[in-house]
Amino acid sequence: MVAAAVSEARPARDGAEWTDAIRGSGAGSPEPRLLAAATALQRALTEARLPLNLPGVAEVRDERSHTIDRFADQVLPRLAERTAPVLVVVAGPTGAGKSTLVNSLVGHTVTTPGLLRPTTRSPVLAHHPADRSWFRDERILPGLRRVTGSTGDHDSVRLVSAPTVPRGIAILDAPDFDSVDDDNRALARKLIAAADVLLFATSAARYSDRLSWRHLDLAVERGASIAVVLNRIPTADRATVVPDLRRMAAERRVPADHVFLVEQADLDDPALLPPDLVRPMRTWIDALAADPVARTAAAERTVTGAVRHAVTVAAAVAEAAARQVEAIAELLSVADRVYADELAALEQAVPQLLATQSVVTDRVDRGAVLSPDLSADLALERLLVDHAWRAAERASTELRATAHGSALLDWSAEDLSRPGKGLGPRARRAIRSARQAARPVDELLAALLTEDRDRYLRPVLDRTLAPDAAPRLRAAADHATRALARHETRGPLR
């Protein structure tokens, strides 16, 4: 029974198409090997589901989910399409002036700064007209619908073609990652994870917020290429704020020439900064666009960092998956044992009940009581329900006493401390059908009690927890580590 508690996981399709995309592009090059290994790692992470709410699993489950999404959004597309434009994502907290910054880098208004918070709108991606083919389908940022007009949908990205954006670069305005709107926060995190280069915008008023730096720290952990913009700096605060921000950026290994300062200024147009204030940033972006080696290196650092981080995540997920398999096997063994005892007791009780029922019905006036068959049927139904109650109560009590039993009981959509809903009526109908088919009634009742026990299996089967998820994931992580080492040793192709 325990072996049936977890089913074989079906291979995830996410990312598999990227392997096909690069077949024939040179099997000896590093990218196909690393792409194949990364695809296998994403599939193994997808199969290593963590359905049981064991202690500490929530954080691992969250990191697993974000890693899977990042592979789909950024890692696999970038490995398959290494000549795609570099995606510069402008992200930051509320009030950092991200939209104004994006407009100023593009040179005209492509996104409207929000006066009310949260600003619920689609992210805006500005690209050179010649790069339109890269973004009109879902090769990059899959899952986001492409639109060309303003919309409030969180599942779409608005494409803006602008000849002022240098070819080979795309600039994306992300929602506030500290938005009060849950969908905005989730989308911001998704887009940050998809960035080839993260342009982290903050303000003199918000630069020291812990949440802001936590997002930057996560990007650093993943090996992202990062630049920092300190926006709206009052002249009076420059002497204290700027050195402090530079120190915080340096602690996170952000190069000094990737820290940009924007003075506070009176704006004729609230959607645009004066060109002089953004010229250092624009010069940096233009230089990146003009240098294909630099573009490749920027994307390379982010992708290899993401794969390396995913290997670390895989180790934690594999350990958690192994605990889940062990816990579920232990918990289901309790249910097996308890219900096996009740099945044995039921098998002994059925013939005794039938013998007693026959004696009773022979002695009563047929005109004053139920017919013998109906009376026996009701007695058999009550017998089954009584044993089902004892089994459910005992199983739930014993499970609550184990380390993880409460997790299984709370996980199920049913109340496992009592028989399944409708057991009595089902038994009544089945007993009548058994009489007509001449099926032994003891076998019928045993099957019904076994079916009631199988409620403990349904959550496991529905969530498809593979018994070998942990070793598969560890093998995929080892493969990815070797492929990454080979990739970095040989270096990207020019």
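In this predicted model, strands β6 and β7 run side by side in the parallel sense, joined over 7 bridges. Within this pairing, A201 stands opposite V229 in β7. The two strands belong to an open sheet of 8 strands with mixed pairing, and the order across the sheet is β3-β4-β2-β5-β1-β6-β7-β8. The edges are formed by β3 (145-147) and β8, each of which pairs on one side only. From one strand to the next, the twist averages 25°.

Two helices lying across this sheet deserve a closer look. Helix α4 lies across β1, β2, β5, β6 and β7, and its direction makes an angle of about 155° with β5. Helix α9 lies across β1, β5, β6, β7 and β8, running at about 150° to β8. The axes of α4 and α9 come within 10 Å of each other and cross at roughly 60°, and the crossing is right-handed. At this contact, L101, S104, L105 and V106 of α4 meet V278, M281, R282 and I285 of α9. By character, the residues of the contact divide into 6 nonpolar, 1 polar and 1 charged.

Burial gives a clear picture of the surroundings of α4. Helix α4 (residues 98-106) is largely enclosed by the rest of the structure, because 9 of its 9 residues are buried. The buried residues of α4 include K98, S99, T100 and N103, along with L101, V102 and L105. The packing partners of these buried residues are β1 (86-91), β2 (124-127), β5 (169-173), β6, β7 (225-233) and α9. Just after the helix, the backbone at G107 takes a positive phi of about 105°.

Aromatic side chains add further links between strands and helices. The count comes to 4 aromatic pairs. One of them joins F200 and W213 in a tilted arrangement, with 5.8 Å centre to centre and 55° between the planes. This pair links distant parts of the chain, as F200 sits in strand β6 (residues 197-203) and W213 in helix α7 (residues 210-221), 13 residues apart. Both partners are shielded: F200 counts as buried because its relative accessibility is 2%, and W213 counts as buried because its relative accessibility is 3%. A second tilted pair is made by F260 and W284, with 5.5 Å centre to centre and 45° between the planes. Here too the pair links distant parts of the chain, with F260 in strand β8 (residues 259-263), W284 in helix α9 (residues 275-290), and their positions 24 residues apart in the numbering. F260 has a relative accessible area of 7% and is therefore buried. W284, at 16%, also falls under the 20% limit and so is buried.

The F200 and W213 rings also take part in a larger grouping, as F177, F200 and W213 form one aromatic cluster. Strand β6 thus carries F200, a partner of W213 in helix α7, and pairs with β7 in the parallel sense. Helix α9, for its part, holds W284, the partner of F260 in β8, and meets α4 through V278, M281, R282 and I285.

How values were computed
Residues numbered from 1 in each chain as written. Predicted model: local features only at pLDDT ≥ 70, side-chain atom pairs only at ≥ 80, totals over all residues. Heavy atoms only, no water. Phe/Tyr/Trp six-rings, centres within 6.5 Å; stacked < 30°, edge-to-face > 60°. Helix = DSSP H or I, 4+ residues; strand = E, 2+ residues; numbered from the N terminus. Buried < 20%, exposed > 50% of the residue type's maximum accessible area, 1.4 Å probe, protein only. Contact = heavy atoms within 4.5 Å. Pairing = 2+ DSSP bridges. Axes fitted to C-alpha atoms, helices over the stretch in contact; angles between N-to-C directions. Left-handed = near helix turned anticlockwise from the far one by under 90°. Nonpolar A, V, L, I, M, F, W, Y, C, P; charged D, E, K, R; others polar.
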